[in-house]
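Work through the exercises below with the sequence and the model open side by side. Each task is followed by a solution that proceeds in steps.

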Amino acid sequence: MEIPLKRRALAVVAGVTAVLLAACSSSSSSSTAAEEAAPAVEKLKVAFVYIGVPGDAGWTYMHDQGRLEMEAALGDQIETTAVENVPEGPAGKKTFEDLARQGYKLIFGTSFGYMDPMLEVAAAYPDVKFMHATGYKTAPNMGTYFGAAEEARFLAGMIAASVSKSGRLGYVAAFPIPEVVRGINAFELGAQAINPKATTKVVWTSTWYDPTIESKAAQSLLNAGADVLAQHQDSPATGQAAEEVGARWLSYNSNMQSLAPKAWAGGPGWDWGPFYIAQAKAVIDGTWKSEQYYGNMKDGMVKLFGPAEDVPADAAAAVKAAQDAFIAGTAAPFDGPILDQAGKTQVAQGATAPMDALMSMQYFVKGVQGTIAK
Amino acid sequence: MTQESVLILTLAGAIGTGTPLVFAAIGGVISERAGVINLGMEGMMLIGAVTTFLVVNKTGSPLLGFIAGGIAGALLALIHATLAISLRANQIVCGLALTIFGTGLASFIGKPIEGAGLEKSFSKLKIPFLSDIPAVGPVLFKQDGLVYFSWFVALLASLYLNRTRTGLSLRAVGENPATADAMGLSVVRMRYAHVIIGGLLAGFGGSYVILRIVPAWSQAGTTNGIGWIALALVVFASWRPLRVIGGAYLFGVALQANFALQAKGITVIPAEFLAMLPYLLTVVILVVLTANRRTRGAGAPAALGLPFVRDER
Amino acid sequence: MKISLERRGAVKSWHLIGVPLLSVIFGTLVGGLFLEVTGHNAILVFKTMSQTSYTTLYGIGDTLAAATPLIFTALAALVAFRVNLYSIGAEGQLFAGGIFASGVGIAVGTSSSALAIPAVLIAGIVGGMVWMTLPALFRAWFGTSEIITTLMFNFVALFLMRYLIYGSSTYWRDPTSTNFPQGKKLDQNAWLPRFGTQSIHWGLVLALVATVGIWFLLRKTRFGYQMKVLGDAPNAARYSGVPVKRMTFTVLIISGGLAGLAGASEVAGRAHALDPNGLAIGLGYAGIIVATLARLNPFGAVIIAIGFGGLQNSASALQSLGTESVPSAIATTLQGLILLLALAGELFVRYRLKVSKRVEVSV
């Protein structure tokens, strides 16, 4: 090696300096551009706090789609930002504080575990509006929003039973909490509407989003004989596992058809856009008030993607009929009679499970195989 | 759908789960036999995985992706080698730094492809005749080509370490570098080569995860800490490549067991305790090895973790 | 031309500060280069990072709060590393400290602060020590590599913590939070007081006290002197009557106690409950980096910890840069990068490059 060290070192320093200079000039030009474009009216700054990353094609992805819809609809009236991978529990509090300090006036937290930290920060920043997805605690400047996913999950169960040969369904589920339990029960009830003997086997993963774990859980269900899988998880790993062995799959959150095209039979999902737009408008107009919003298929917050084209026509028609009934309000997923695993009547013939029973559901209906850890 | 029993399917699944561990842990064995411990394995696996993903979706060739993943791991290992061997940095800290750097870099590069699906991959290969053997066939011989390749790698590594001159002299490098140096071996060159091969194999391990276990990139879950399990497995297998295979599948069963038991409706042990098992077993094995005077020297290379400086010993 | 390394006779004092400083500068430069290459605005990124973490009152508060556990874990690492014991178990000992501290905190929280706070802190120390006991015993008496055992115990502690909150309805889990598994809150009496509305809490003061304490131990006591002998010349130590096994055990246990205290401080000062998400973010491993960058000097560790705390803090702010949104992974990447460069730079503290004119035929 005969290249003098000194000259090489000089070249490196020169290179770095050049890049830095370029960086300086580009930053100064972009900042002046921003100043010129500064609007006269103050924009509403809206922030979204995500548990995962928008690229997950799942829960966070749909919220981010809603954010983009909001940007498209309200244009320069608003300015949005999204912070991803924010942990639940006390660890997430800092992010909400940061956003409030940075002047965000409407902050959406999209995971259940943000509830207590959001409540604490909301108390400290009374002029900032907080909206918490899936929670139940409110404050004068903090509301909640969620939707009756059970409606779409019931329909997904119908689809599942109609494409299953064995009537043995599998369900990859995150945490044994009411939201998930409700979904599993609705899925099983829907399946029974097509095939009264259908069963749903449940495996818990203790994570919302971890493709490796979800995939292993899905495989174990397939190994145990399930031929259709559903999921309350955020990644498409369950579908990919089903695709590999020729089983079928009901996705969740977004239309995941392209991620496992042969396995995909349909799936429940969300459309947050209209709600987000309405919320931002309300803040701009000064009409915002704290509420506990519960969307459904009627207002479009809850959606059913599919059924896939190869789902038998009569089953597809039955799904459509049930969906129409939910939208018309003539039927609900938890219409009685509903028995739990032990055979005890939980909802009587002719009755419908009331809202608070749905929100605190801690039993599995008959036909679900699995346990809810106490 | 196949008609195999749950047990056989679970065991077959455990082999898939164990395969990235086979690659990475053999990489660990080779590097540690040369006296260099590699705590950067997790980082190398992640970089390998993200590279494989990008290359496969760019070129459409899973094979190229697999190779590229290995190379990416090897490049990171080159940093490790430079720091730990030439610059005599603390191997532990250096490995940790590489894991942190690799994790950060992989999520940074992987940001645009988060959640995207892999477009093409290997599929399972049935080996004729062998796959028809009851029980053993479906477990061992209905796997993908990379599983068979991992066996080949293990065999090769074992032959190399035990039967070749370079392999045997490697022992001296790991056990007593001063002697090796006196024997005329280039300790530095030997260590570089083996650390880089170790990184290559760790990269392969990461590639396998993306190609065969989860065909989508996710920063949080792609390797999911298996780089650390691989490190444990090196000890568990007492630095022997063929034992790595058995250990990897045992760990594979442990990682798979939680869900298999749940699906069977059995809840004897909480999932978290099952997940602890590989780590606890590793500690037990290591303690037994070191506590017993006869086996004390049989396990870890004596100079593991120590830099070699010729004129100071 | 041949380049070789030669050990420096004496390490000049400016090297001790200059080399880490240069590593940070070089790390920043290389990181900036990397950002530019990947299409980000490096200057804006660094500006935002420094603004969020070091120039506003809140930012400084958050940075100091983030630095607090890092000071403890860095002390834990440096005590052990000084005698060539490479414990990487601060992570697990921190979890164990958190588990013990929250357990005791839930039990005694209703009594007076004067009783509850010391009880919680002591529980944390004990938890960390308990978690280190087996690796320390194995290392001291069997020579079992503490690297592997402490690493393995990290994962065991992590799963134990997950079990306590997610996997079961134990004593640690909040029974009223049926919708999502969370740790049970400690009673307010067991909280470490905060400074005003800031997120800084008394854990920081405690960390500084611990820093002085460790410095005193290392510099002013017989034990510290023996540690130095053991660290510099293990064989000489053995012959000069230093009780090597007992020293090994004790040093590791002290290290465990410090890491456990980090867990207690996080539980009692920040989360007020056992919060798996807040503890499992690599505080233990980061402590090793901090200790190394600080060249195993307790006071240096405080400074480096504050720097790193800010780096971690700023990661989320980078995401809300609007169009310039930068993946938060840049903070992790930078940390790794700076450490790698520091390791490389370390060489030049201990050695000097010697360039001889002799021409070699082959390279």
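**Exercise 1.** Determine which strands of chain A helix α4 (residues 115-124) lies across, and place these strands in their sheet.

Solution. In this predicted model, helix α4 of chain A lies across β3 (106-109), β4 and β5 of chain A, and the helix runs at about 170° to β4(A). The next step is to identify the sheet: 6 strands of chain A form an open sheet with parallel pairing, in the order β2-β1-β3-β4-β5-β11. Its edge strands are β2 (78-83) and β11 (292-295) of chain A, each of which pairs on one side only. Neighbouring strands of this sheet are turned by 20° against each other on average, if direction is ignored. A further helix of chain A, α9 (residues 273-285), lies across β1 (44-49), β2, β3, β4, β5 and β11, running at about 140° to β1(A).

**Exercise 2.** Describe the pairing of strand β5 (residues 142-147) of chain A with β4(A) and with β11(A), and decide whether the residues on its faces are buried or exposed.

Solution. Begin with the neighbour β4 (residues 129-133) of chain A, which pairs with β5(A) in the parallel sense over 4 bridges; here A:Ala133 stands opposite A:Tyr145 in β5(A). Turning to the other neighbour, β5(A) and β11(A) run parallel and are joined by 4 bridges, and A:Tyr145 stands opposite A:Tyr293 in β11(A). A:Tyr145 thus appears in the pairing with β4(A) and again in that with β11(A).

For the faces, it helps to recall a general point: in a regular strand the side chains alternate between the two faces of the sheet. In β5(A), A:Met142, A:Thr144 and A:Phe146 are on one side, while A:Gly143, A:Tyr145 and A:Gly147 are on the other, and all of these are buried. The strand is accordingly described as mostly covered, with 6 of its 6 residues buried.

**Exercise 3.** Trace the strand order of the 7-stranded open sheet of chain A, and work out how β10(A) is paired with β9(A) and with β12(A).

Solution. The order of this sheet is β12-β10-β9-β8-β6-β7-β15 (chain A), and its pairing is mixed. At the edges are β12 and β15 (368-369) of chain A, each pairing on one side only.

Now take β10 (residues 264-270) of chain A. On one side, β10(A) pairs with strand β9 (residues 248-250) of chain A in the parallel sense over 2 bridges, with A:Leu250 opposite A:Gly266. With strand β12 (residues 302-305) of chain A, by contrast, β10(A) runs antiparallel, joined by 4 bridges, and A:Val302 in β12(A) is the bridge partner of A:Trp270. Because 7 of the 7 residues of β10(A) are buried, the strand is largely enclosed by the rest of the structure.

Further along the order, strand β6 (residues 168-173) and strand β8 (residues 228-232) of chain A run parallel and are joined by 5 bridges, with A:Gly170 opposite A:Leu229 in β8(A). Helix α7 (residues 211-223) of chain A lies across β6, β7 (199-204) and β8 of chain A, at about 160° to β6(A).

**Exercise 4.** Characterise the packing of helix α1 (residues 6-33) of chain B against helix α10 (residues 226-236) of chain B.

Solution. Two packed helices are described by the angle between their axes and the distance between the axes. For α1(B) and α10(B), the angle is about 55° and the axes are 8 Å apart. The two helices are therefore oblique to each other, and α1(B) passes α10(B) in a right-handed crossing. Residues of α1(B) in the contact include B:Leu21, B:Ala25 and B:Val29, and those of α10(B) include B:Ile226, B:Ala230 and B:Leu233. By class, this contact has 11 nonpolar, 2 polar and 1 charged residues.

**Exercise 5.** Establish which element of chain C gives the most to the side that touches chain B, and then which element of chain B gives the largest share of the side that touches chain A.

Solution. The contact between chains C and B involves 38 residues of chain C and 38 residues of chain B. On the side of chain C, α5 (113-142), α6 (146-167), α12 (283-293) and α14 (329-350) each supply at least two residues, and α14(C) gives the most, with 13 residues. By class, this side of chain C has 25 nonpolar, 11 polar and 2 charged residues.

The contact between chains B and A takes 28 residues from chain B and 31 residues from chain A. Here α1 and α11 (241-263) of chain B each supply at least two residues of the side of chain B, and the largest share, 6 residues, comes from α11(B). This side of chain B has 14 nonpolar, 12 polar and 2 charged residues.

How values were computed: Residues are numbered from 1 along each chain as its sequence is written. Chains are lettered from A and ligands numbered from 1 in the order in which they are written. This is a predicted model: local features need pLDDT of at least 70, side-chain atom pairs count only at pLDDT 80 or more; totals for chains, interfaces and linings use all residues. Axes are lines fitted to C-alpha atoms, for helices over the stretch in contact, and angles run from 0 to 180 degrees between N-to-C directions. Angles under 35 degrees count as roughly parallel, over 145 as roughly antiparallel, 65 to 115 as roughly perpendicular and the rest as oblique. A crossing is left-handed if the near helix is turned anticlockwise from the far one by less than a right angle, and right-handed if clockwise. Two residues are in contact if their C-beta atoms, placed from the backbone, lie within 7 Å. Ala, Val, Leu, Ile, Met, Phe, Trp, Tyr, Cys and Pro count as nonpolar, Asp, Glu, Lys and Arg as charged, and the others, Gly among them, as polar. A residue is buried if 20 or more other C-beta atoms lie within 10 Å of its own, exposed if 12 or fewer, and partly exposed in between; C-beta atoms are placed from the backbone. Two strands pair if DSSP finds at least two bridges between them.
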